Amino acid sequence: MSGLAQELPPLVDVLAAHAGPGADRHRALWAFDARLAHVARTTSEPAIGQMRLAWWNDVIDDADARKGRGEPVVDALRATGAMAAPGLVAMIDGWEILVAEPEIDVEGLRAYAVGRGGGLFRALTDVADAPDWLDAAGQVWALWDMAGHVGDAALADAALVLAREIAPRMDGARWPRAWKPVRIVATLAHQDVLAGRRAPLGMPRSLAWRLLRIALVGR
């Protein structure tokens, strides 16, 4: 996993530190999301991007576990058992919205958030039939993260508006202890969305202190 760790943002290291024996599985899933993000970021021809995403679908469907062998993220997903996690295909579908659609409207943003965010949070918690509040938390996180990384200011603003619309569905969440890493990042995103803040880049000191507070006191 050392190779993957070098590619992941500092935030993931902090979250994985709270995952206990599941740390490597969490890192593998975050690395999978990062690979899909790379496809979306580096694709200029939608058809080519869709083919690259379809390759990942084929990897997930490969019962013989041969396709993609040697690719670091593929190997990590298989080694940790994360290849069988619920939500992986949904994540691909979510990222495909950004690859295939030249203009992203509100419904496109919603589909992206449901796929990427809802899928990733189901995968991290290993729950196929997730409660509505967990799915909403994943959507809020995905839109918050997008707002912090997309170059289109209008799209970033639209993502935050939609995230604020979804945020009330997180009310009443009851986070199991084992889901602590997801609770931390979901709480962070929720706080920022309500305050109108986009996801920060890197790990500024203010973010590190906020993560520590959320981890210790839950807010």
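Partly exposed is the label for a residue that falls between buried, under 20% relative accessible area, and exposed, over 50%. Keep that in mind as you look through these close-ups, which all come from a predicted model.

**Figure 1. Aspartate 192 and arginine 197 pair up through their side chains.** The two side chains meet in a salt bridge, with 2.7 Å from N to O. Arginine 197 has a relative accessible area of 39%, so this residue is partly exposed. Its partner tells another story: aspartate 192 counts as buried because its relative accessibility is 2%.

**Figure 2. Arginine 169 and aspartate 132 meet in a salt bridge.** Here the N to O distance is 2.9 Å. Arginine 169 sits in the loop between helix H9 (153-166) and helix H10 (180-195), while aspartate 132 belongs to helix H8, so the bridge ties together parts that are 37 residues apart in sequence. Arginine 169 is partly exposed, at 32%, and aspartate 132 is partly exposed too, at 46%.

**Figure 3. Aspartate 62 and arginine 78 form another salt bridge.** Their closest N and O atoms are 3.9 Å apart. Aspartate 62 is in the loop between H4 and H5 and arginine 78 is in helix H5, so this pair links parts 16 residues apart in sequence. Relative accessibility is 22% for aspartate 62, which makes this residue partly exposed. Arginine 78, with 21%, is partly exposed as well. If you want to hunt for more, the structure holds 15 salt bridges.

**Figure 4. Welcome to the largest nonpolar core.** This core has 70 residues, and the members that touch the most others are Leu29, Phe32, Leu77, Leu88, Phe121, Trp141 and Leu143. Helix H8 (residues 132-149) is the top contributor, giving eleven residues. Zoom in on leucine 143 and, setting aside residues up to four places away in sequence, you'll find Leu109, Tyr112, Ala113, Ala159, Leu162, Ala163 and Ile166 touching it. As a rule of thumb, nonpolar side chains in soluble globular proteins tend to be buried together.

**Figure 5. Glutamine 139 is tucked away in helix H8.** You can place this residue in helix H8, and its relative accessible area of 2% means that glutamine 139 is buried. Who's around it? Leaving out neighbours within four places in sequence, glutamine 139 contacts Ala113, Val114, Gly117, Gly118, Ile166 and Arg169.

**Figure 6. Glutamate 71 reaches for the backbone.** This residue is in the loop between helix H4 (46-61) and helix H5 (72-80). The glutamate 71 side chain comes to 2.7 Å from the backbone nitrogen of valine 73. A polar atom of that side chain also lies 2.9 Å from the backbone nitrogen of valine 74. Glutamate 71 counts as buried, since its relative accessibility is 19% and the cut-off for buried is under 20%. Beyond neighbours within four places in sequence, its contacts are Arg35, Trp55 and Trp56.

**Figure 7. Two loop residues have a positive phi.** Most residues other than glycine have a negative phi. Alanine 65, in the loop between H4 and H5, has a phi near 55°. Its relative accessibility is 29%, so alanine 65 counts as partly exposed. Now switch to the loop between helix H7 (106-125) and H8, where aspartate 126 is found: phi there is near 60°.

**Figure 8. Alanine 85 hides in a loop.** Look for this residue in the loop between H5 and helix H6 (88-100). Alanine 85 is buried, because its relative accessible area is 9%. Apart from neighbours within four places in sequence, alanine 85 is in contact with Arg25, Leu29, Ala123 and Asp126. How far is alanine 85 from isoleucine 60, C-alpha to C-alpha? The separation is 9.8 Å, with their positions 25 residues apart along the chain.

**Figure 9. A nonpolar patch sits on the surface.** Trp209, Leu212, Leu216 and Val217 make up this patch of about 460 Å². Tryptophan 209 is part of helix H11 (residues 205-217). Is tryptophan 209 buried or exposed? Its relative accessibility is 57%, so tryptophan 209 counts as exposed.

Notes
Residues are numbered from 1 along each chain as its sequence is written. This is a predicted model: local features need pLDDT of at least 70, side-chain atom pairs count only at pLDDT 80 or more; totals for chains, interfaces and linings use all residues. Side-chain values use heavy atoms; hydrogens and water are left out. A nonpolar core is a set of buried Ala, Val, Leu, Ile, Met, Phe, Trp, Tyr and Cys residues joined through side-chain atoms within 4.5 Å. Buried means under 20% relative accessible area, exposed over 50%, partly exposed in between (1.4 Å probe, protein chains only). Helices (H or I, at least four residues) and strands (E, at least two) are DSSP runs, numbered from the N terminus. Contact means heavy atoms within 4.5 Å. Patches are made of residues with over 30% relative accessible area and no salt bridge: like charges are joined within 9 Å, nonpolar side chains (Val, Leu, Ile, Met, Phe, Trp, Tyr) within 5 Å. Accessible areas come from the Shrake-Rupley method with a 1.4 Å probe; for residues, only the protein chains shown count as cover. A salt bridge is a side-chain nitrogen of Lys or Arg within 4 Å of a carboxyl oxygen of Asp or Glu. A polar contact is a pair of N or O atoms within 3.5 Å; within protein, one must be able to donate a hydrogen and the other to accept it, and residues adjacent in sequence count only if both atoms are side-chain atoms.
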